[in-house]
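Subject: Structure for your review

Dear colleague,

Please find below the structure that I am handing over to you. My notes on what was found in it follow.

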Amino acid sequence: MPYSPILALHICGGTLGLLSGTAALFFRKGSPGHVLAGKVFVISMLTMAAGAMYLAIERNQPGNFWGGILTIYLIGTAWLTARRRDGETSKFDWAALLIPLAVGIMNWIVGLQKMQSPALAKDGVPSGMNLFMGSVLLLAAAGDIRMLLRGGLFGTQRIARHLWRMCFGLFIAAGSFFLGGANRPLRLLSAVGIGQHLSPALFNTPLYLILSVLPLILLIFWTIRVRFPNAYKRMSISRGGDVSFANNREAGVRRNFAREK
């Protein structure tokens with residue numbers, strides 16, 4: 001199939017999403033650079049996901065369609081979490097809850113079917129990945145239910161929800177780009193006349209695997225950093241840090257996060 005405007009938009013959105021998402025992770029949380037990179041990331045990822053859904057319908061690729069739905073859910077709810085005040089929810093949250101619940105159950109069913117009959121794994125996705133994604137989505141659904149029953153999230157819980165959903169959305173984009181079929185990084189760079197001038201070492205599977213898993217590593221780091229600040233402070237003090245400095249830094253993260261709204 002020749003390149004279409006939607007495919008070009010999908011590729012541009014995904015590429016910009018990877019770059020802006022990586023930048024947002026390394027900027028100081030709540031700083032102007034982080035806020036700008038975060039806004040670009042949200043717009044880029046939603047554009048990429050919408051393009052993926054359109055192309056999936058056109059090419060009869062249901063897996064990519066649901067992947068687009070999932071990405072919109074993760075990025076959309078992460079963005080709403082940052083925009084809202086403590087304890088704020090809406091009827092939209094009850095409707096959005098159906099996405100991780102349905103897609104999570106579907107991934108578990110498909111994963112179990114592939115384990116029983118490996119011939120079903122024609123989409124190139126191993127059963128373990130289906131079970132992993134299904135588990136994460138069901139945990140996300142459980143988190144949504146818990147949030148709604150408690151009347152919203154407060155303080156560090158709200159920040160953690162924002163961070164892990166943004167990071168997991170970046171993980172999905174990175175995995176699709178680096179571990180997708182036919183060496184997508186090489187194809188993209190070759191299309192603009194750069195790939196043939198770069199070392200083959202830049203286009204090997206181990207490097208792609210590291211780049212794909214990196215968002216998950218950062219997700220774990222930031223979740224622990226936000227949800228267990230006392231442990232992080234103790235680590236800072238044990239390395240020769242100052243307790244007042246650690247406290248001020250944690251307060252600064254919360255103030256800057258509030259400014260994003």
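In which helix is the place of I217? I217 sits in helix α9, which covers residues 205-227. Please bear in mind throughout that this is a predicted model.

Overall composition

The protein contains 11 helices and zero strands. Read from the N terminus, its elements therefore follow the order α-α-α-α-α-α-α-α-α-α-α under the helix and strand assignment by DSSP. Of the 261 residues in the protein, 41% are buried.

The nonpolar surface patch

I217 belongs to a nonpolar patch on the surface, with an area of about 400 Å². The other residues that make this patch are L179, L209, V213 and L214. V213, like I217, is found in helix α9. The relative accessible area of V213 is 31%, so this residue counts as partly exposed; patch residues need over 30%. V213 also has a partner from elsewhere in the sequence: its C-alpha atom is separated by 6.9 Å from that of F171, although the two residues are 42 apart along the chain.

The salt bridges

Side chains of opposite charge can pair when their charged atoms come close. The count of salt bridges in this model comes to four.

One of them joins D86 and R158, with a distance of 2.7 Å from N to O. This pair links distant parts of the chain, 72 residues apart: D86 is in the loop between α3 (62-83) and α4 (91-96), while R158 is in helix α7 (residues 156-178). The two ends also differ in burial class. D86 is partly exposed because its relative accessibility is 40%, whereas R158 is buried because its relative accessible area is 8%.

A further salt bridge is formed by the side chains of R165 and D144, at 2.8 Å from N to O. R165 lies in helix α7 and D144 in helix α6 (residues 127-149), so this pair ties together parts that are 21 residues apart in sequence. Both R165 and D144 are buried. Through salt bridges that share partners, D144, R161 and R165 are joined into one network.

D93 and R84 likewise meet through their side chains in a salt bridge, at 2.9 Å from N to O. Both of these residues are buried.

The cavities

Rolling a probe the size of a water molecule over the atoms shows where empty space is left. The structure holds two cavities of 30 Å³ or more, and the largest cavity has a volume of about 70 Å³. Its lining consists of T81, R84, R85, G87, E88, M147, L153, R158 and R161. By class, this lining comprises five charged, two polar and two nonpolar residues. Several names from the salt bridges return here: R84, the partner of D93, R158, the partner of D86, and R161, from the network with D144 and R165, are among the residues that line the largest cavity.

A backbone point to check

Most residues other than glycine have a negative phi, and most peptide bonds are trans. N60 is not a glycine, yet its phi is positive, at about 60°. N60 lies in the loop between α2 (32-59) and α3. Its relative accessibility is 67%, so N60 counts as exposed.

With kind regards

Note on methods:
Residues are numbered from 1 along each chain as its sequence is written. This is a predicted model: local features need pLDDT of at least 70, side-chain atom pairs count only at pLDDT 80 or more; totals for chains, interfaces and linings use all residues. Side-chain values use heavy atoms; hydrogens and water are left out. Patches are made of residues with over 30% relative accessible area and no salt bridge: like charges are joined within 9 Å, nonpolar side chains (Val, Leu, Ile, Met, Phe, Trp, Tyr) within 5 Å. Accessible areas come from the Shrake-Rupley method with a 1.4 Å probe; for residues, only the protein chains shown count as cover. Helices (H or I, at least four residues) and strands (E, at least two) are DSSP runs, numbered from the N terminus. On a 1 Å grid over the protein atoms alone, a cavity is a set of points where a 1.4 Å probe fits but cannot get out, and a pocket is an open set with protein on both sides within 12 Å along at least five of seven lines; lining residues have an atom within 4 Å of a point. Grid points are joined across faces, edges and corners, and a volume is the space filled by probe spheres set on the points. Ala, Val, Leu, Ile, Met, Phe, Trp, Tyr, Cys and Pro count as nonpolar, Asp, Glu, Lys and Arg as charged, and the others, Gly among them, as polar. Buried means under 20% relative accessible area, exposed over 50%, partly exposed in between (1.4 Å probe, protein chains only).
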